[in-house]
Amino acid sequence: MSKDIEFKNRDRFIQLGIAIAALRKMRGMSQEKLAEKANVSRSHISAIEAPGIVRSFSLDVFFNIADALEIAPEDLIKASVFPDQIWKKQ
């Protein structure tokens with residue numbers, strides 16, 4: 001996978017990482033436990049969750065994280081995206 005992230009996807013990866021971190025905490029899981037259940041390194045989870053870092057990751061990792069968090073992949077996506085009407089209200 002390319003290390004370069006298209007600008008239009010930058011915020012999407014950040015929002016997804018924030019959603020993963022929030023769900024992990026709601027489930028009472030440490031980064032270590034999530035990494036173990038998702039079969040990735042703790043440092044990879046840490047980078048995915050960090051709001052100041054844009055870390056792309058594969059669909060395989062995404063599906064593993066969703067499974068580890070016991071959430072359907074489509075619900076994890078929905079949890080990470082603010083509806084347009086929220087952004088348009090000022």
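## The largest pocket

A pocket is an open set of grid points with protein on both sides within 12 Å along at least five of seven lines. In this predicted model, the largest pocket holds about 170 Å³ of space.

Which residues line the largest pocket? From the start of the chain onwards, the lining takes in Asn9, Arg12, Phe13, Gln15 and Leu16, then Phe57, Ser58, Leu59 and Phe62, and finally Ile77, Ser80 and Val81. Sorted by class, 7 of the lining residues are nonpolar, 4 are polar and 1 is charged. Three helices, α1 (7-26), α4 (59-68) and α5 (73-80), each give at least two residues to this lining. The largest share, 5 residues, belongs to α1.

## The chain as a whole

Let us step back to the overall plan. The chain is built with 6 helices and 0 strands, so reading from the N terminus gives the order α-α-α-α-α-α.

Of its 90 residues, 37% count as buried. Among contacts with a separation of 6 or more, 61% link residues 24 or more positions apart. The chain has an accessible surface of about 6100 Å², and carbon and sulfur atoms account for 53% of that surface.

## A closer look at α1

The helix α1 is worth a visit of its own. What span should its 20 residues have? At 1.5 Å a residue the expected value is 28 Å, and the end C-alpha atoms of α1 lie 30 Å apart, which agrees.

The buried residues of α1 are Asn9, Ile14, Gln15, Leu16, Gly17, Ala19, Ile20, Ala21, Leu23 and Arg24. Among them, Asn9, Gln15 and Leu16 also appear in the lining of the largest pocket. Just after α1 comes Gly28, with a positive phi of about 70°.

## Two loop residues with positive phi

Most residues other than glycine have a negative phi. Against that background, two loop residues catch the eye.

Asn39 sits in the loop between α2 (31-38) and α3 (42-49), and its phi is near 60°, a positive value in a residue other than glycine. Is Asn39 buried or exposed? Its relative accessible area is 67%, and because the cut-off for exposed is over 50%, Asn39 is exposed.

Glu70 lies in the loop between α4 and α5. Its phi, near 55°, is also positive in a residue other than glycine. Glu70 counts as exposed because its relative accessibility is 64%, and exposed means over 50%.

Definitions and conventions. Residues are numbered from 1 along each chain as its sequence is written. This is a predicted model: local features need pLDDT of at least 70, side-chain atom pairs count only at pLDDT 80 or more; totals for chains, interfaces and linings use all residues. Side-chain values use heavy atoms; hydrogens and water are left out. On a 1 Å grid over the protein atoms alone, a cavity is a set of points where a 1.4 Å probe fits but cannot get out, and a pocket is an open set with protein on both sides within 12 Å along at least five of seven lines; lining residues have an atom within 4 Å of a point. Grid points are joined across faces, edges and corners, and a volume is the space filled by probe spheres set on the points. Helices (H or I, at least four residues) and strands (E, at least two) are DSSP runs, numbered from the N terminus. Ala, Val, Leu, Ile, Met, Phe, Trp, Tyr, Cys and Pro count as nonpolar, Asp, Glu, Lys and Arg as charged, and the others, Gly among them, as polar. Buried means under 20% relative accessible area, exposed over 50%, partly exposed in between (1.4 Å probe, protein chains only). Contact means heavy atoms within 4.5 Å. Accessible areas come from the Shrake-Rupley method with a 1.4 Å probe; for residues, only the protein chains shown count as cover. The expected span of a helix is 1.5 Å times one less than its number of residues.
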